[in-house]
Amino acid sequence: MLERRIYLDHQASTPMDPSALALMHHTAALFHANPSSSHLAGRRAREVVERARARVAEAVSALPEEIVFTSGATESNNLALLGAARAALERGGSRRGLVTLPVEHPSVLAPARHLEAQGFRLRLVPVGSDGRVILEALEEQLDEGVLLLSIQAANNEIGTIQPLAEAAALARKHGVLVHCDAAQALGKTPLEVEALDLDFASLSAHKCAGPKGVGALFVRHGVRRAPIAPIAFGGGHERGLRPGTQNTPAIAGFGEAAERAAARLPEEAPRLARLRDRLERRILDGAPGARVNGAVGHRVPGATSITFPGLDADALIANLPDLDISNASACHAGIPEPSHVLRAIGLSREDAYATVRLALDRPRADSPRADSAVDRIADRITGAIRTLRRLLASSPGAPL
């Protein structure tokens, strides 16, 4: 057994950066006023919010006025899709098409399905077996009737990075708005919203070592100039797009975490990628027949998705009580259906149920004993697999 538990589910959520946590405590203690209040305490709280807005903006190469704080990427995704659709309806334009990918997060697919039920035409563009969009197929689905293309930066299950710049360029030919769910990208892969030519981008603090319950939507040129309308009402916060009292401590923590994540990316990413590759090699060597999912040359560092044909992922996880790993997106917890992402890249139901995802963290990448720690993780996993296969061989038909 390992000396202590090891958390390997950083695609679901990350531990908070100590400096972000400290800033949250400081902010909660000293800046308790409502940032919308006009008195001195309110103005000071507002200064904290605006400083964090500038830090988040800098992390994605945006302007502060282009950042709208939300409760997280789920709200940001809903706001982008539903808000763009509402604005289009209010303008009376003819564009009623939506284009997205079958591997998108449920917080994109669900509002897209909702809009489809309201009369919008939804088109799902196929992806290859590596999870990357087929650009030729995407081009075929884009025309002057399409309002919005929503394409993720990186997948939350298999880590595949999408060709955002190429996809956005295809959309621009037809005047199509481009939204990106970038929750899995911030702090893991370069993310420059202006260079990518995005209109909207969703961010989440707890994916980049910030607190849960806070995120942002990048809105190109700012709310007042963008083709987006609010979907909730009751206040003039966030330039009228997102009502609700700002969570000053969480926003401050988000700003700190985003700035630090972006700053350490150039050095951290190669280390994480090297350790991830080492982990994969050790597991594949020790578990014959195992397969890595996703675009091997286009993935976020640290993340891997591995299928062990013939085994049940839940049984494997149960035999690894000291490792925190998952078998699908945390947003699918309790849902018996196999991962829609794995099915979209061609895995059978059986193989989808035989897949786990792992994601290494920054402290482990920085540790001088990182290689040996990764080797121990791989040994624990392959040892559990051998145990399960022996049980399966001795009890044919058992659900392992």
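**Exercise 1. Describe helix α2 and the residue that follows it, beginning with the backbone at S61.**

Solution. Just after α2, S61 takes a positive phi of about 60°, where helices (H or I, at least four residues) and strands (E, at least two) are DSSP runs numbered from the N terminus. The model is a predicted one, in which local features need pLDDT of at least 70 and side-chain atom pairs count only at pLDDT 80 or more, while totals for chains, interfaces and linings use all residues. Residues are numbered from 1 along each chain as its sequence is written, and side-chain values use heavy atoms, with hydrogens and water left out.

Step one is the length: α2 has 20 residues and reaches 29 Å from its first C-alpha to its last, close to the 28 Å expected at 1.5 Å a residue, the expected span being 1.5 Å times one less than the number of residues.

Step two is burial, where buried means under 20% relative accessible area, exposed over 50%, and partly exposed in between, with a 1.4 Å probe and protein chains only. The buried residues of α2 are G42, A45, V48, V49, A52, R53, R55, V56, A57 and A59. An α-helix has 3.6 residues a turn, so residues three or four places apart point the same way.

Step three is the surroundings: the buried residues of α2 pack against α1, β2, β7 and α7, with contact meaning heavy atoms within 4.5 Å.

**Exercise 2. Determine how α2 and α7 are packed, and which residues make the contact.**

Solution. Begin with the geometry: helix α2 (residues 40-59) and helix α7 (residues 248-286) pack at an angle of about 30°, with their axes 8 Å apart. Axes here are lines fitted to C-alpha atoms, for helices over the stretch in contact, and angles run from 0 to 180 degrees between N-to-C directions.

Next, classify the angle: α2 and α7 are therefore roughly parallel to each other, since angles under 35 degrees count as roughly parallel, over 145 as roughly antiparallel, 65 to 115 as roughly perpendicular and the rest as oblique. The crossing of the two helices is left-handed, that is, the near helix is turned anticlockwise from the far one by less than a right angle, whereas clockwise would make a crossing right-handed.

Finally, list the contact: α2 contributes A45, V48, V49, R51, A52, R55, V56 and A59, and α7 contributes T248, I251, A252, F254, G255, E256, A258, E259 and A262. By class, these residues divide into 11 nonpolar, two polar and four charged, where Ala, Val, Leu, Ile, Met, Phe, Trp, Tyr, Cys and Pro count as nonpolar, Asp, Glu, Lys and Arg as charged, and the others, Gly among them, as polar.

**Exercise 3. Carry out the corresponding analysis for α1 and α7.**

Solution. The axes of helix α1 (residues 18-30) and α7 come within 8 Å and cross at roughly 155°; α1 and α7 are therefore roughly antiparallel to each other. In handedness, α1 passes α7 in a right-handed crossing. On the α1 side the residues are S19, A20, L23, M24, T27 and A28, which meet T248, P249, A250, A252, G253, E256, A257 and R260 in α7. The contact divides into eight nonpolar, four polar and two charged residues.

**Exercise 4. Place G72 in the fold: where is G72 found, and which residues does G72 touch?**

Solution. G72 is found in the loop between β2 (67-70) and α3 (73-91), and G72 is buried, with a relative accessible area of 6%. Leaving out residues up to four places away in sequence, G72 touches L203, S204, V214 and G215. The pair G72 and G213 shows the link across the chain, for they are 141 residues apart in sequence and 5.7 Å apart in space, C-alpha to C-alpha.

**Exercise 5. Compare the settings of A209 and H221: is each buried or partly exposed?**

Solution. Phi of A209 is near 70°, a positive value in a residue other than glycine, and phi of H221 is likewise near 70°. A209 is found in the loop between β7 (200-204) and β8 (215-219), whereas H221 is found in the loop between β8 and α7. At 7% relative accessibility A209 counts as buried, while H221, at 43%, counts as partly exposed.
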